[in-house]
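Visitor: I have a new model on my screen. Could you walk me through it?

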Amino acid sequence: MYMPDRFKEVDVAEIVAIIAEAPLACVVANTPEGLIANHVPLVIDKAGDLIGHIALANDMHRVVKDGQDVIVIFRGVDGYISPNSYPSKQEHHRHVPTWNYQVVHMHGAISFLHDERSKRAAVGLLTRERERRVNGDQAWRMADAPADYILDELGQIVAFRISVTRTIAKSKLSQNRDQRDFDGAIEGLKSHGNRALAERMVSKRP
């Protein structure tokens, strides 16, 4: 990934936040049939590994070897930045459009897990995280469903763990602009309804 120094994201808390807010990752792997990409929600466990699951019918666990290196891409907030948002544009017109965004690339070795305990853990981690955000104290739990139904559902999935070896993160949030143009970009985003990206930019205000 092209990475100018000013856009390099090294704040661990920010990286974790990007992943937590946009957990649907793209898992890319090389196979004898060529590159494949699958979109899977992932969570980070206490060891720093990525945990997820896929459908048993998904060929990913058959064509990707255990222990193979994969790349995982999390795409955070993003949006178009118009030159019209920059106050200095009215003075010299030396601006062009750009796109602001946050992304995290994680590299690691994938291992597929077929035992019931691992599959329960993978589903449990994901649902606890997301249900708390959505339903709070009324969060759905696996125990809410009949035991035989859950067992049947678990039989239709494969869990996996990715042992992360390298993380590269990028926050391209107009850090290369002066204060007034930076603030102008934030106001432009707000006026077009992209408050999520505007709020991320506020955290990077020069």
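Guide: Gladly. Keep in mind that this is a predicted model. Let us begin with its largest pocket.

Visitor: Which element gives the most to the lining of the largest pocket?
Guide: Three elements each supply at least two residues of that lining. They are helix H1 (12-21), strand S3 (43-44) and helix H4 (116-135). With five residues, the top contributor is H4.

Visitor: How many charged residues does the lining of the largest pocket have?
Guide: Look at the lining by class. Among its residues are Val-16, Ile-19, Arg-128 and Glu-129. Eight of the lining residues are nonpolar and none is polar. The charged ones number four.

Visitor: What is the volume of the largest pocket?
Guide: Leu-42, Val-43 and Ile-44 are among the residues that line this pocket. Its volume is about 230 Å³.

Visitor: Which strands stand at the edges of the sheet?
Guide: The sheet is open, has seven strands and pairs them antiparallel. Its order runs S2-S1-S5-S6-S7-S4-S3. An edge strand has a single partner, so one side of it is left without a neighbour in the sheet. The edge strands are S2 (34-41) and S3.

Visitor: Which residue in S4 stands opposite Val-43?
Guide: S3 pairs with S4 (residues 50-55) in the antiparallel sense. Two bridges join this pair. Opposite Val-43 stands Ile-51.

Visitor: What angle does the direction of H4 make with that of S7?
Guide: H4 packs on the sheet. It touches S2, S3, S4, S6 (98-113) and S7 (157-172). The angle between the directions of H4 and S7 is about 45°.

How values were computed
Residues numbered from 1 in each chain as written. Predicted model: local features only at pLDDT ≥ 70, side-chain atom pairs only at ≥ 80, totals over all residues. Heavy atoms only, no water. 1 Å grid on protein atoms, 1.4 Å probe; cavity = no way out; pocket = protein on both sides within 12 Å on 5 of 7 lines; lining within 4 Å. Points joined across faces, edges and corners; volume = space filled by probe spheres on them. Helix = DSSP H or I, 4+ residues; strand = E, 2+ residues; numbered from the N terminus. Nonpolar A, V, L, I, M, F, W, Y, C, P; charged D, E, K, R; others polar. Pairing = 2+ DSSP bridges. Contact = heavy atoms within 4.5 Å. Axes fitted to C-alpha atoms, helices over the stretch in contact; angles between N-to-C directions.
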